[in-house]
Amino acid sequence: MSNLSVNYSQIETAASHLRGVAHKTPVMTSRTVNEMTGNQVFFKCENFQRTGSFKFRGAYNALVQLSPAQKQQGVLAYSSGNHAQAIALGAQLLGISATIIMPEDAPSVKQQATRGYGPEVILYNKHEISREELAATLSRDRTLTVIPPYDCTEVIAGQGTTAKELIEEVGELDAILVCCGGGGLLSGCAIAAKTLSPGCRVIGVEPANADDAARSFHSKQLHRIHNPDTIADGARTPSLGELTFPLILHYVDDLVTVSESAILQTMFFLWERMKIVVEPTGTLAAAALLEGVVSFKDRRVGVIISGGNVDISNNWRGITQAHNS
């Protein structure tokens, strides 16, 4: 335990920072889903969080704990969209100057939403330079504090409040399914779940086309995938982080993958049957359950819906063709 970077007390501290600032997002149920899966399923809907995803929790928790000097100098973040929006809004609320690095091909809805909160947005070609390299250069030249999207203790603790809220509302769970990109949400939720519901199985879910975390989990060696090709843009991270990987190995029970078709089918199911707008990454955990990748019977199962920032205008034709094929 001593080599792990985050503990439950840090999640409790994050919850106190977020109280009255972050939304306490709704927990939804579906009789249809319960009948389909043979379980009692609770969807924690972070698509209704501020900025449309769970990312606001970790971003604000990290920002609020900066020193006065760091707040004065400003912050830098890199993200395909959801962390970018979260940092931009959190910085606006706290009066901190923010610079956001985003890939040129980030969904336009996420670019526009990020700019709307007032930060400086710098676009880059991800095929020519890594975001980490660009961030290192800019932070050094401008004396900015970098707040990573997942490999940061305050960010991980903030994300863990998602599972904390869910279990405090619905009671102990037999299993909880959580999407995985860089592992911030998964590791934070795993800590909370194992603390509040010790018998709960924690299962991470990522796209099969971006299965670095699953490879890493099962081999116990960190794997990397450069620019993975998946519709779930929030899970296009190259690898788990130095902080999240050991936390996941310690707290998570399994890590599974879902296909691109399963992601799309589940997204449309959630739109059509539960009337909630969910982005592709946000469907990962639900896809594993609804498509039978994981199977339980007569269990209480938590599912984290991580976000709802789908770029309908840009992707609608391709998504519709894939849905109808």
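Start with the open sheet of 6 strands, ordered β1-β2-β10-β7-β8-β9 with mixed pairing. Strands here are DSSP runs of E of at least two residues, helices are runs of H or I of at least four, and both are numbered from the N terminus; two strands pair if DSSP finds at least two bridges between them. This is a predicted model, in which local features need pLDDT of at least 70 and side-chain atom pairs pLDDT 80 or more, while totals for chains, interfaces and linings use all residues. Residues are numbered from 1 along each chain as its sequence is written, and side-chain values use heavy atoms, leaving out hydrogens and water.

Select 27–28 and 254–258 next: these are β1 and β9, the edge strands, each pairing on one side only. Now colour 40–45 and 300–305, which are β2 and β10; they pair in the parallel sense over 6 bridges. Pick out Cys45, and you will find its bridge partner, Ile305, in β10.

Which helix packs on this sheet? Select residues 184–196 to see α9, which touches β7 (175–179), β8 (201–207), β9 and β10; contact means heavy atoms within 4.5 Å. The direction of α9 makes about 165° with that of β8 (axes are lines fitted to C-alpha atoms, for helices over the stretch in contact, and angles run from 0 to 180 degrees between N-to-C directions).

Move on to the other sheet. Its 4 strands follow the order β5-β4-β3-β6, with parallel pairing, and this sheet is open too. At its edges are β5 (120–124) and β6 (145–146), each paired on one side only. Highlight 98–103 for β4, joined to β5 by 5 bridges; Ile100 stands opposite Val121 in β5. Then add 108–116: this is helix α6, packed on the sheet and touching β4 and β5, with its direction at about 170° to that of β4.

Last stop: the largest pocket, with a volume of about 660 Å³. A pocket is an open set of points on a 1 Å grid over the protein atoms alone where a 1.4 Å probe fits, with protein on both sides within 12 Å along at least five of seven lines; lining residues have an atom within 4 Å of a point. The volume is the space filled by probe spheres set on the points, which are joined across faces, edges and corners. Select Arg131, Asp233, Arg236, Thr237 and Pro238, the closest to the pocket's centre of the 42 lining residues. You can also show α5 (82–94), α7 (131–142) and α9, each supplying at least two lining residues; α9 gives the largest share, 3 residues.
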